[in-house]
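Reader: Hi! Could you walk me through this model before I set up my calculations?
Author: Happy to, let's put it on screen.

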Amino acid sequence: MAIGSGLGAQVGIAAESVYGTYVAPTKFIEFTKEGIVLKKTTAQSMGIAAGRLLSMSSRRVVTQRQAAGSLDMEVTTKAMGILLQTLMGTTVTPVQQAATSAYLQTHLLVDTAGKSLTIQKGVPLTTGTVTRKNFLGCKIVSAEFSCEVGGMLTASFEIDSKDCEETSVLATASYPTMAPFHFGQMSLKTGTYSSEVARDGIRKVSIKIERPMATERFYAGQSGTKAEPISNDQVKVTGSIEMDYVDNVLDNLHTSDAATSLVWDFTGAEIAPTYNERFTLKLPAVRFDEAPPSVEGFDVIKPTLNFTGLYDGTNPLAIEYMSTDVTL
């Protein structure tokens, strides 16, 4: 029996071959919070019958079913590949580095058609019995990564789901040995693409990737569930940098509205000589929208610089993930 509280909860994921078709979870995520829930649309028959004061319970029907919510976690040194692939769209095979146990995943920004997940969550009753809820056809519609002084690198994924069922069995959770990426491993570089220079004074970075999709594709003959969401707008990439005003390099980029490449990197423990656990987000072109170095008192000036990620015409946005994961 599990602990009858959130301590006994679990979340498992698996990539689907067919949108909305259940696949037993193969990866189990150490999450900090989740809010994925079933959303149903009901209709009530309102026919008039002599003397009837209440609508008939038997004439309430469910006309649509879907699910949505968020999944929050710390970004760890293993088991992130399926989520990154579902967010970014590229079909990724980890590439072994030399003859070592280090494997590099390179997730490029492409369309996410055909990329969906089964997400199974186990929710404990107070008795310790764990109920299961299987969310089918899960698409990641946005993800926000963030890290600040003294903290972990965190990720918050917004999920859209086709349906929820409770019949498939609860998988037995198992977790690999892994560690979180954190502020002590963080660096931020800007400059010419592939020749970026480390910036000083950085205290917090957040980057959000939004994938607009048509998520209301409800058609006749689908039993009240929807067809796979499809992209219906350009990807939106935004972010912010909080820093001490140690120099005006980024401030000047705001003034000139010039573009710069941005590389946000976390380098963890060594896997093998010259190969470390790593999470790297590469934005080939960003432009700063706001960067007010305002004086608000006696303390050190701490501007927050907001930026938009754009396409430089050549290089794609990419997330690189180095781990010992041989497969996603």
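What follows is a chat about the fold, the pockets and cavities, the aromatic pairs and a few side chains.

Reader: Before anything else, what kind of model is this, and what do the values rest on?
Author: This is a predicted model, where local features need pLDDT of at least 70, side-chain atom pairs count only at pLDDT 80 or more, and totals for chains, interfaces and linings use all residues. Residues are numbered from 1 along each chain as its sequence is written, and side-chain values use heavy atoms, with hydrogens and water left out.

Reader: Thanks! How many helices and strands does the chain have?
Author: The chain has two helices and 21 strands. Those are DSSP runs numbered from the N terminus, with helices being H or I of at least four residues and strands being E of at least two.

Reader: And what box do the C-alpha atoms fill?
Author: Roughly 80 × 45 × 40 Å, taken along the principal axes.

Reader: What share of the residues counts as buried?
Author: Of the 328 residues in the chain, 46% are buried. Buried means under 20% relative accessible area, exposed means over 50%, and partly exposed is in between, using a 1.4 Å probe and protein chains only.

Reader: Now pockets, my favourite. What volume does the largest pocket have?
Author: The largest pocket holds about 210 Å³ of space. A pocket here is an open set of points on a 1 Å grid over the protein atoms alone, with protein on both sides within 12 Å along at least five of seven lines; a cavity is a set where a 1.4 Å probe fits but cannot get out, and lining residues have an atom within 4 Å of a point. Grid points are joined across faces, edges and corners, and the volume is the space filled by probe spheres set on the points.

Reader: Which residues line the largest pocket?
Author: Among them are Leu109, Val235, Val237, Leu283, Tyr311 and Asn315. Strand S19 gives the most to this lining, with three residues, and S19 and S20 each supply at least two.

Reader: How does that lining divide by class?
Author: Ten nonpolar, two polar and no charged residues. The nonpolar class is Ala, Val, Leu, Ile, Met, Phe, Trp, Tyr, Cys and Pro, the charged class is Asp, Glu, Lys and Arg, and the others, Gly among them, are polar.

Reader: What about the second largest pocket?
Author: The second largest pocket has about 160 Å³ of space. Its lining includes Pro292, Glu296, Phe298, Asp299 and Lys302, and by class the lining has five nonpolar, three polar and three charged residues.

Reader: How many cavities of 30 Å³ or more are there?
Author: Two cavities meet that rule. The largest cavity has about 40 Å³ of space, and its lining includes Phe28, Glu30, Met73, Lys78 and Met178. By class, that lining has six nonpolar, one polar and three charged residues.

Reader: And the second largest cavity?
Author: That one has about 30 Å³ of space. Met243, Tyr245, Asp247 and Pro303 are among the residues lining the second largest cavity.

Reader: Switching topic: how many aromatic pairs are there?
Author: There are seven aromatic pairs. Rings of Phe, Tyr and Trp (its six-membered ring) pair if their centres lie within 6.5 Å, and planes under 30 degrees apart are stacked, over 60 edge-to-face and the rest tilted. One of the pairs is Phe181 with Phe279, which is tilted at 6.4 Å centre to centre and 45° between the planes.

Reader: Why does that pair tie together separate parts?
Author: Because Phe181 sits in the loop between strand S11 (163–165) and strand S12 (186–191) while Phe279 is in strand S19 (residues 275–290), the pair joins parts 98 residues apart in sequence. Both Phe181 and Phe279 are buried.

Reader: Which pair should I look at next?
Author: Try Phe288 and Phe307, an edge-to-face pair at 6.0 Å centre to centre and 75° between the planes. Phe288 is in strand S19 and Phe307 in strand S20 (residues 304–310), 19 residues apart. Phe288 is buried at 2% relative accessibility, and Phe307 is buried at 1%.

Reader: Which residues form the aromatic cluster?
Author: Phe145, Phe157, Phe181, Trp264, Phe266 and Phe279 form one cluster.

Reader: How many disulfides should I set up?
Author: The count is zero disulfides, where a disulfide is a pair of cysteine sulfur atoms within 2.5 Å. Cys164 is in no disulfide, and the nearest cysteine sulfur, that of Cys138, is 9.1 Å away. Cys164 is buried at 7% relative accessibility.

Reader: Last one: what does the side chain of Asp160 contact?
Author: The side chain of Asp160 makes a polar contact with the side chain of Lys226 at 2.8 Å. A polar contact is a pair of N or O atoms within 3.5 Å; within protein, one must be able to donate a hydrogen and the other to accept it, and residues adjacent in sequence count only if both atoms are side-chain atoms. Asp160 lies in strand S10 (residues 154–161) and is buried at 7% relative accessibility.
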